[in-house]
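New to this one? Here's a quick briefing to read alongside the sequence and the 3D view.

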Amino acid sequence: MMTGNEIREGYLKFFESKGHKRLPSASLIPVNDPSILWTAAGMVPFKPFFTGAAKPEYTKVTTCQKCIRTPDIESVGRTARHHTFFEMLGNFSFGDYFKESAIPWAWEFVTEILRLPAEKLWITIYLDDDEAYEIWHKVVGVPAERIVRLDKDTNFWEIGVGPCGPCSEIYVDLGAARGCGSPDCAVGCDCDRYLEIWNLVFIQFFRDEEGNYTPLASKGIDTGFGLERVASVLQGVPSNFDTDLLREIMDYTAGLFGLEYGREEKVDLALKVIADHCRAITFAITDGALPSNEGRGYVIRRLLRRAARFGRLLGTQDLFLYKVGGAVVKQMGQAYPELVERKDHVLSVVHSEEKRFSETLALGTEMLNRLMDEAKAAGSSLITGADAFKLYDTYGFPLELTQEMAEEQGFMVDTDGFSLAMEDQRRRARSARQETEYISERGALFQALREEIGETNFVGYDSLEAKASVQGIFRDGERVKTAAAGAEAEFILDVTPCYAESGGQVGDYGRLTAPGLEVEIYEVTKPVENLFVHRGRVISGTLSEHDLVTIQVDVSRRLATCRNHSATHLLHRALKMVLGDHVSQAGSLVDPERLRFDFTHYAAIADGDIRKVEEIVNNAVLDDLPVDVFETSVDEAKAMGAAALFGEKYGERVRVIRMGDFSLELCGGTHLRNTAEVGLFKLVGESSIGAGLRRVEAVTGKGALRYVNDQEEQLTGVARLVKAAPHEAARRVEALLEHNRELEAEKDALLAKLARYQVHDILDRVQEIKGIKVLAAQATAPDMDSLRSMVDLLRDKIGSGVIILGSAAGDKVNLVAAVTKDLLGAGLHAGKLVKEVAAVVGGGGGGRPEMAQAGGKDPSRLSEALEIAYRVVEGQIK
């Protein structure tokens, strides 16, 4: 029996023996591809090679790619194969080999390396792919009756505009005992008998916007071999969860709870969900994703909370997911060393997020208790489906948890109503989804242009001016021959000194000139690799294709950007020195005005540490360190200790920026000649942008000088206001604040005394309605808090009854109503009472049965509203 690790290594070694370059898994966070949240297939990192947007360094590659897919989260643990995280082995050809090699190699691996019996293997091909049929049947020797032709829905791969092609799949027959029993059961049936283990995609066409298919001159191979699926076959277990890849994590989790896998269906489901979701969140956070309320951060938060909820259903109230995350690192760390390297950071984020959810869970419990109180007061024992769904959607309560807690108090839950609310949400989500094209029309346009005119020669590292030829002009997505004065246009040159926006650094501004021609450039981008697109406005003359022009970079803007970029490298190093080696770059923005740096860290940076970071950076500036730029291999750069952006794709040759012995980073941006050119460095902001993620902002050079001058001006202004010298201003302000606090305390004491006097007077107005004490009165209270405090005093005095107080403050009315708990069963509801009374004074409000508040806009009718309160109470009493 082969282990998961042995299958993974065996696959990669097999294709290395066939001349493939083994590459490590790409990050789960797609690089330079905002069209997708996650790397969900082995081919995703190679998408630019298949589209032609970039050229591969190797034409034959093999990988084991970590993947996340989340369309069917609710199915995880309930089926044998659904996962949010999985590993996809693959071999790829970029214009090298095609079907003639891909098919025999696949057969060789499954029959000779994995030793799967040939008589249990079935093959599917696309309907009219006779080429694949001939190879499977005549070259490999698969009997014709074991080759099944399937239609476009299953055996043709395409995603919108872009490369596409037919597929061929390898299935394993797991035996009739795993089937549905139908006499028509065959390959393609939805039951578990025939299991697909390998999909071979033959990329041989290009689909255009009209749906036409054109044969590609350079064909490709993209295969996907699911590790967990194959492990389940080779290990002879009924589901992916029973393989060693997941079972060890599940057994560890069961041990935390004193349980055992395989004894109870409810327990098994929870253990499967926890193991699957913990693999996903551990890998995703390792690759730089962090819990948040949007995008991939929301996915991580949802998975983490769902796993935590299943832990609660197993009876634990303790934080445990970080422990399971540790088990994931132990299980997978050998194959993915980044898990070990970032273990402390990952487990800290998981612990923090689970703790936060534990607090949210308490709020949800409070809401459920309130819903049950309201239902009981209304004589009902049912929690509505809408309320149950709100608990699920807002607080992450699973329906099962709501049912369990409600049943303990003798309540039922409207599960049909919950299902309707859930389906309504799913319907809205489906309608909001949009198909993402494999390659955009803009990308296809510039890709084709690059094939025609070649790549742009970027000379901007060494020169800020160049002679160039205009290779193409575009307006509104259409290629044109000219652009006249006043027109905005995009244009491509054969040579440019202008840096194109990338790596967090903004693009250059510049100026293009020729006799009688001037163009202002305000954007430079790279829609496809190594093709620089300039956007600008023609100031005078006419820009024409093939014009010979001079292009100049805006020098002062470039220099300001360089200051901020070089300072970013110094800042990164300083943060590691002060906060620790766990600090890792999570993103950055560098423009002429400022720099922004996002990094991993668990807490706000103390003021003292901010000062230390500033001091270290400014000392490095004053040390006038040389900034050296050189190229080397990626392995050599890492061996030298160069910092790299985790998850970023780097080629075999990389550009390294060295600042003395202080900083060494891989970087493609523009930089200064020495650190002294940074000038002054000043941190101006620090904040949280997610669990375990901080952001700092800083300014340099002239920007830092402006900032200091602004701060000095503000300090001088404050000093003038408090009649003190600038160096005494803080002490003077503190003295004024302390005096103000004393006055506030004196005011509060007087208001409390006034409230007590008012309480005595107001108590005389208590009326009795149907045996219940009712008090409606106007009070003097400056705000809603004071009015609530007065209601609390009155409630203590009358013991049992209904109270509604109103106060006028300027042109506003405040109202507070209270019903003592012993009267909730009598039909009285403070929220409904205050809502009716507020309507009289032109307002509205509401709240809980026992306490509610409202506001109004017409103080002249306050007395009338309070008189009506007595009638409203009388109408509520059952």
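How many disulfides does the count come to? The count comes to zero disulfides. Keep in mind that you're looking at a predicted model. Below are some notes on two cysteines, a charged patch and a stretch around a strand.

**Cysteines**
- A disulfide is a covalent bond between the sulfur atoms of two cysteines.
- The rule used here asks for a pair of cysteine sulfur atoms within 2.5 Å.
- For C64, the closest cysteine sulfur sits in C67, and at 8.3 Å that's too far for a bond.
- It works the other way round too: C67 has its closest cysteine sulfur in C64, 8.3 Å away, so there's no bond to be made there.
- C64 counts as buried, because its relative accessibility is 6%.
- C67 is buried as well, with a relative accessibility of 0%.

**A negative patch on the surface**
- Four residues, E57, D635, E636 and E652, form a negative surface patch.
- One of them, E636, belongs to helix 19, which covers residues 634-639.
- Is E636 buried, exposed or partly exposed? E636 is partly exposed, because its relative accessible area is 40%, and the partly exposed class lies between the 20% and 50% cut-offs.

**Around strand 26**
- Strand 26 takes in residues 653-659, and I657 is part of it.
- I657 has a relative accessible area of 0%, so it's buried.
- Going by C-alpha atoms, I657 and E631 are 9.0 Å apart in space, while 26 residues apart in sequence.

Definitions and conventions:
Residues numbered from 1 in each chain as written. Predicted model: local features only at pLDDT ≥ 70, side-chain atom pairs only at ≥ 80, totals over all residues. Heavy atoms only, no water. Buried < 20%, exposed > 50% of the residue type's maximum accessible area, 1.4 Å probe, protein only. Patch = residues over 30% accessible without salt bridge, like charges linked within 9 Å, V, L, I, M, F, W, Y side chains within 5 Å. Areas by Shrake-Rupley, 256 points an atom, 1.4 Å probe, with all protein chains shown as cover. Salt bridge = Lys/Arg side-chain N within 4 Å of Asp/Glu carboxyl O. Lys, Arg positive; Asp, Glu negative; His and termini not counted. Charge placed at Lys NZ, Arg CZ, Asp CG, Glu CD. Helix = DSSP H or I, 4+ residues; strand = E, 2+ residues; numbered from the N terminus.
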